Amino acid sequence: MTKSALQIARAAYQPKLPKALLGAVKVQEGEPTQSVADQEEIKKLFPNTYGMPLLKFVEGEAQESAPMNVGVILSGGQAPGGHNVISGLFDGIKKLNPANKLYGFILGPGGLVDHKYKELTPEIIDEYRNTGGFDIIGSGRTKLEKEDQFEKGYEILKELGIKALVIIGGDDSNTNACVLAEYYAAKNYGVQVIGCPKTIDGDLKNDMIETSFGFDTACKTYAEVIGNIERDCNSARKYWHFIKLMGRSASHIALECALQVQPNICIVSEEVEAKNMSLDDIVTYIAQVVADRAADGNNFGTVLIPEGLIEFVPAMKRLIAELNDFLAENGEEFAAVERAQQREYIISKLTPENAAIYASLPEGVARQLSLDRDPHGNVQVSLIETEKLLSEMVGNKLAEWKKEGKFVGKFAAQHHFFGYEGRCAAPSNFDADYCYSLGFTASMLIANGKTGYMSSVRNTTAPAAEWIAGGVPITMMMNMERRNGELKPVIQKALVKLDGAPFQAFAAARETWAKETAYVYPGPIQYFGPTEVCDQTTKTLQYEQQK
């Protein structure tokens, strides 16, 4: 297989570890924990894994460790650094006992249920150290939530002599890991389950999980490309670039990229919801910045938009909810309406408030809302080209203002969506180190007989040697939420906090960025060179920890 010069050089990189993990370790137990909300319900559902203490690893005495086999699963969407979690886990269990084996289940949780796996040997692991992607064993989105799945999984775990299973995933995958840990504990099957916090969206975090892995690399990858667009924008001086960024449930990526590149505009979904902004409020805000810059002779700019914005606009949320209900009940009647009449048909059937909003939408978006449904009959929000919707509506508003003499410039838009480009990038030094530490920590949680825990590495703005490794009970992060019509225990999503330091720093600077061309060009991720260039953490972490 041909390799690039960077691949060869990165293969030799040795990730840094917290000092406590370098030798023999012992567990220091903290206070018992409780869930973030709905304590009684969660406790009832997880009697064997609820209320466990926080754990911290400190230096200990060397001890003999009996041989054991471990399984690992990559679950959900890709995030940079997954291979290093597996490398850290592998090195950790081999350090405990060279006879230990690691099995990878193929294509996600489905591999466990369907008994598809391979042993991960030193040769395979060495091929994948410090590389992006999840291609070592592949990933999948099968949900582990039914007893027959747990039992099918247990058959293969028993057959392979696997004592512990590590599930690397986001909030839903770790919720499934906790349900599985509880089930195996209740049955006394002797199988431990440990989770690792993955998602580029950055919405799996709390006091004990400072950041999910992959967020650092993905944001740096997007920020590089946005910086390049800003440079082009400032060179041609004739386009407004509307850039949609991944992050359906939270705007962490958009906010982090804004802090790195200082665009003219960045919309934060959580603020839109908190201020009860309408689509027209957002359009007017953008149009005003465009008009003000045009008055200064600057007919160009950059706008960052989170992928899930539409769902955070309260009025749009109400429209989508009514559309979902209406089309679920009247789907056949709607399908019989001629295409040219469908828009008018829907407008005639909605409540006046929602009919007015629907009528104001550009034709293409109105069609996406009413036609493109998922298998559950819901609007596929990710298909809505929010960047084009906003630029078209801004263009229409500016045309009105031109007639009224309120706008004197030109407006031409370009559109971009950055999503998959960031998910499998070669991990930054931070993610390479952080992921390796998470995997190594998971091996120590297993060695100490723990189950229902998530691997936790904290103090991440300090040098890696000073990071604090340990475990946090997954039940501690849970609350009850309505999913598909019924209440279920899930890990609470972490949204952007409007009173948090990262958003406050952005809010204090955005008026200046709107008016001035204050672009910053981060450039590509650096792996070799001065530590301030290569090992810096995200701006989000720096502001949160004030370092």
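Let's start where helix H13 meets helix H15: on the H13 side the contact uses Ala315, Met316, Arg318, Leu319, Glu322 and Leu323, and on the H15 side Glu353, Asn354, Ile357 and Tyr358. Sorted by class, that contact has 6 nonpolar, 1 polar and 3 charged residues. Please keep in mind that we're looking at a predicted model. H15 covers residues 352-360, and its axis comes within 10 Å of the H13 axis, with a crossing angle of roughly 105°. That makes the two helices, H13 and H15, roughly perpendicular.

H13 has another partner to show you. Helix H13, residues 314-336, also packs with helix H16, residues 363-371; here the axes are 9 Å apart and the angle is about 60°. H13 and H16 are therefore oblique to each other. From H13 we have Met316, Leu319, Ile320, Leu323, Leu327 and Phe334, and they meet Leu369, Ser370 and Leu371 of H16. What does this contact look like by class? It has 8 nonpolar residues, 1 polar and no charged ones.

Now, on to the sheets. One is an open sheet of 4 strands, ordered S9-S10-S8-S11, and its pairing is parallel. Its edge strands are S9, at 265-266, and S11, at 413-418, each of which pairs on one side only. If you'd like to zoom in, S8 (residues 240-245) runs parallel to S11 and is joined to it by 6 bridges. One residue pair to click on there: phenylalanine 242 has histidine 415 in S11 as its bridge partner. Helix H17, residues 386-403, lies across S8, S10 and S11, and runs at about 160° to S11.

The other open sheet has 9 strands, and its order is S1-S2-S13-S12-S7-S6-S3-S4-S5, with mixed pairing. S1 (25-32) and S5 (117-119) are at the edges with a single partner strand each, so each has one side without a neighbour in the sheet. On average, neighbouring strands here are turned by 25° against each other, ignoring direction. At the S5 end, S4 (residues 101-105) pairs with S5 in the antiparallel sense over 3 bridges, and phenylalanine 105 stands opposite tyrosine 117. And what packs on this sheet? Helix H19, residues 429-447, does, touching S1, S2, S3, S6, S7, S12 and S13. The direction of H19 makes about 135° with that of S12.

There's also a neat hairpin to look at. Strands S14 (residues 478-483) and S15 (residues 486-491) run antiparallel and are joined by 6 bridges. Methionine 478 stands opposite isoleucine 491 in S15. The hairpin has 2 residues between its strands, and asparagine 484 in the turn has a positive phi of about 50°.

Let me finish with a pocket. The second largest one has a volume of about 620 Å³. Which residues are closest to its centre? Of the 26 that line it, they are Lys205, Asn206, Asp207, Ala494 and Lys497. Helices H9 (252-261), H20 (501-515) and H22 (539-545) are the elements giving two or more residues to the lining. H22 gives the most, with 4 residues. By class, the lining of this second largest pocket has 14 nonpolar, 6 polar and 6 charged residues.

Definitions and conventions. Residues are numbered from 1 along each chain as its sequence is written. This is a predicted model: local features need pLDDT of at least 70, side-chain atom pairs count only at pLDDT 80 or more; totals for chains, interfaces and linings use all residues. Side-chain values use heavy atoms; hydrogens and water are left out. On a 1 Å grid over the protein atoms alone, a cavity is a set of points where a 1.4 Å probe fits but cannot get out, and a pocket is an open set with protein on both sides within 12 Å along at least five of seven lines; lining residues have an atom within 4 Å of a point. Grid points are joined across faces, edges and corners, and a volume is the space filled by probe spheres set on the points. Ala, Val, Leu, Ile, Met, Phe, Trp, Tyr, Cys and Pro count as nonpolar, Asp, Glu, Lys and Arg as charged, and the others, Gly among them, as polar. Axes are lines fitted to C-alpha atoms, for helices over the stretch in contact, and angles run from 0 to 180 degrees between N-to-C directions. Angles under 35 degrees count as roughly parallel, over 145 as roughly antiparallel, 65 to 115 as roughly perpendicular and the rest as oblique. Contact means heavy atoms within 4.5 Å. Two strands pair if DSSP finds at least two bridges between them.
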